[in-house]
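Please give a short briefing on the charged side chains and the metal site of this structure, written for someone who has not met it before.

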Amino acid sequence: MILLGSTGSIGVNTLAIAERFGLHVEVLGAGRNIELLNRQIKRFNPSIVVIQEARDRPIVDHPRVLIGQEGIMEAIREAKSDLVINAIVGFAGLRATLEALTCKKRVALANKESLVVAGAFLDSSDIIPIDSEHFGLWYLHDITRPIERMLITASGGAFRDWPLERLQHATLADALRHPNWSMGRKITIDSATMTNKLFELLEARWLFGEGNFDAIIETRSLIHALIDYRDGSTTAHFARADMQLPIAFALLGSVQERIVDRVDLLECGGLEFRAIDPERYPIWSIKEDLLRRPKRGVIVNAANEAAIERFIADEIGFMQIARLTLDAYAHFDVEASEVDALFALDEEVRRWVKER
Ligand code: NDP
Ligand code: MG
């Protein structure tokens with residue numbers, strides 16, 4: 001496989017599955033965590049390594065090191081593997097997805113931003129999502145019966161139980177305290193704002209086609225997806241909050257062994273469901289509009305990434321992330337008509353958010 005984002009949360013879990021099932025890792029792509037990358041090189045012996053910055057090249061223990069976005073594209077083209085695992089975070093992962101699909105390779109996609117931004121231009125039949133909710137939907141999805149609604153669950157993130165008036169004083173450290181999942185920094189912030197769930201609804205829309213998608217909070221993250229069938233039945237996918245399960249399916253196709261311990265319902269005792277409140281999660285106010293006009297995902301994504309950068313730099317407060325994103329969404333009432341236009345629009349929206 002070609003693994004991009006190997007040093008991240010999904011990357012490390014992917015390598016755990018690769019090791020357990022003896023899968024060959026032809027390419028390792030990382031950002032700037034060279035110390036971990038070097039340990040991965042030793043263990044997995046890839047033919048090609050890609051890193052983000054040329055200045056790190058001297059400390060990488062490998063004879064063939066490619067650099068940056070160009071390096072990622074070259075590695076995808078050159079490698080023999082026909083499976084690309086894209087676990088890069090953010091818009092930076094989009095070119096890898098595009099290149100992999102152009103090269104007719106299958107993409108196991110953790111980088112949901114690719115679908116959020118460019119879903120209209122991607123052929124999803126070559127995409128296998130690495131996201132617990134979409135894995136859950138896929139697991140439940142039975143097209144022999146008419147489906148009325150597909151539901152995904154949210155944990156509610158770090159602030160689901162905070163008094164509303166405290167939210168504007170929330171710090172980065174507070175936002176990173178996720179109740180159920182251990183994940184990278186950006187997606188953990190996206191969980192606290194509920195933007196992650198908005199993105200997952202778009203992701204579902206591009207993966208499963210037009211339909212009725214929605215989300216609710218399930219506070220334990222033991223149910224990841226539910227499907228309402230027209231006959232009145234609802235099915236639910238229960239599994240422990242562990243990404244190795246969707247990753248194993250994405251890498252192996254079918255799974256014959258135990259990957260995670262089963263959810264013990266007696267031990268769990270009870271479950272709690274809540275509606276997603278737009279007062280606590282203001283980004284939720286554009287859900288209907290965005291699902292109607294999913295091509296505008298690029299605007300939400302760019303604004304959100306730029307706003308998160310400003311939050312991390314301590315220039316804006318937590319609630320400003322959603323505020324700036326909503327302002328950008330209102331200001332840029334446009335849709336890109338082709339892939340190239342996405343890159344220009346992304347840049348323009350980022351600049352706008354940085355200047356607010
Ligand atoms: P992390 O922040 O843990 O990891 C991101 C990875 O991408 C790291 O290997 C990082 O390198 C690398 N990277 C960052 N920027 C660049 C760049 N410009 N070029 C090349 N590589 C880069 O994130 P996660 O693993 O949590 O998330 C990855 C993706 O998967 C996200 O899109 C997220 O939304 C999605 N996802 C994650 C889940 C999870 O459980 N973590 C669940 C479902 C989806 P380095 O660290 O070396 O700098
Ligand atoms: Mg998810």
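The points below treat salt bridges first and the metal site afterwards.

This is a predicted model, and in it the count of salt bridges comes to 33. Three of these pairs are described one by one, followed by a network of shared partners and by the residues that coordinate a magnesium ion (ligand 2).

**Salt bridges between distant parts of the chain**

- Aspartate 56 forms a salt bridge with arginine 32, and the closest N and O atoms of the two are 2.9 Å apart.
- This pair links distant parts of the chain, 24 residues apart, since aspartate 56 sits in the loop between strand E3 (48-51) and strand E4 (65-67), while arginine 32 sits in the loop between strand E2 (27-29) and helix H2 (34-44).
- Aspartate 56 is buried because its relative accessible area is 7%, under the 20% limit for that class, whereas arginine 32, with a relative accessible area of 42%, is partly exposed.
- Aspartate 82 and arginine 106 also meet through their side chains in a salt bridge, with an N to O distance of 3.8 Å.
- Here too the pair links distant parts of the chain that are 24 residues apart, with aspartate 82 in the loop between helix H3 (68-78) and strand E5 (83-86), and arginine 106 in strand E6 (residues 106-109).
- Aspartate 82 is partly exposed at 44% relative accessibility, and arginine 106 is partly exposed as well, with a relative accessible area of 36%.

**A salt bridge within one helix, and a network**

- The side chains of aspartate 190 and lysine 186 meet in a salt bridge with an N to O distance of 2.9 Å, and both residues lie in helix H8 (residues 185-193), four residues apart, which is about one turn of the helix.
- Aspartate 190 is buried, with a relative accessible area of 2%, and lysine 186 is buried at 13%.
- Elsewhere, salt bridges that share partners join Asp289, Arg292, Arg293, Arg296, Asp333 and Glu335 into one network.

**The magnesium site**

- The magnesium ion (ligand 2) is coordinated by Asp131 (OD), Glu133 (OE) and Glu200 (OE), at 2.0 to 2.1 Å, and in sequence these donor residues follow the spacing D-x1-E-x66-E.
- Glutamate 133 lies in helix H6 (residues 132-140) and glutamate 200 in helix H9 (residues 195-208), so the pair ties together parts that are 67 residues apart in sequence.
- Both of these residues, glutamate 133 and glutamate 200, are buried.

Key:
Residues are numbered from 1 along each chain as its sequence is written. Chains are lettered from A and ligands numbered from 1 in the order in which they are written. This is a predicted model: local features need pLDDT of at least 70, side-chain atom pairs count only at pLDDT 80 or more; totals for chains, interfaces and linings use all residues. Side-chain values use heavy atoms; hydrogens and water are left out. A salt bridge is a side-chain nitrogen of Lys or Arg within 4 Å of a carboxyl oxygen of Asp or Glu. Helices (H or I, at least four residues) and strands (E, at least two) are DSSP runs, numbered from the N terminus. Buried means under 20% relative accessible area, exposed over 50%, partly exposed in between (1.4 Å probe, protein chains only). Donors are N, O and S atoms within 2.8 Å of the metal (3.2 Å for Na, K and Ca); water is not among the atoms, so sites may look incomplete.
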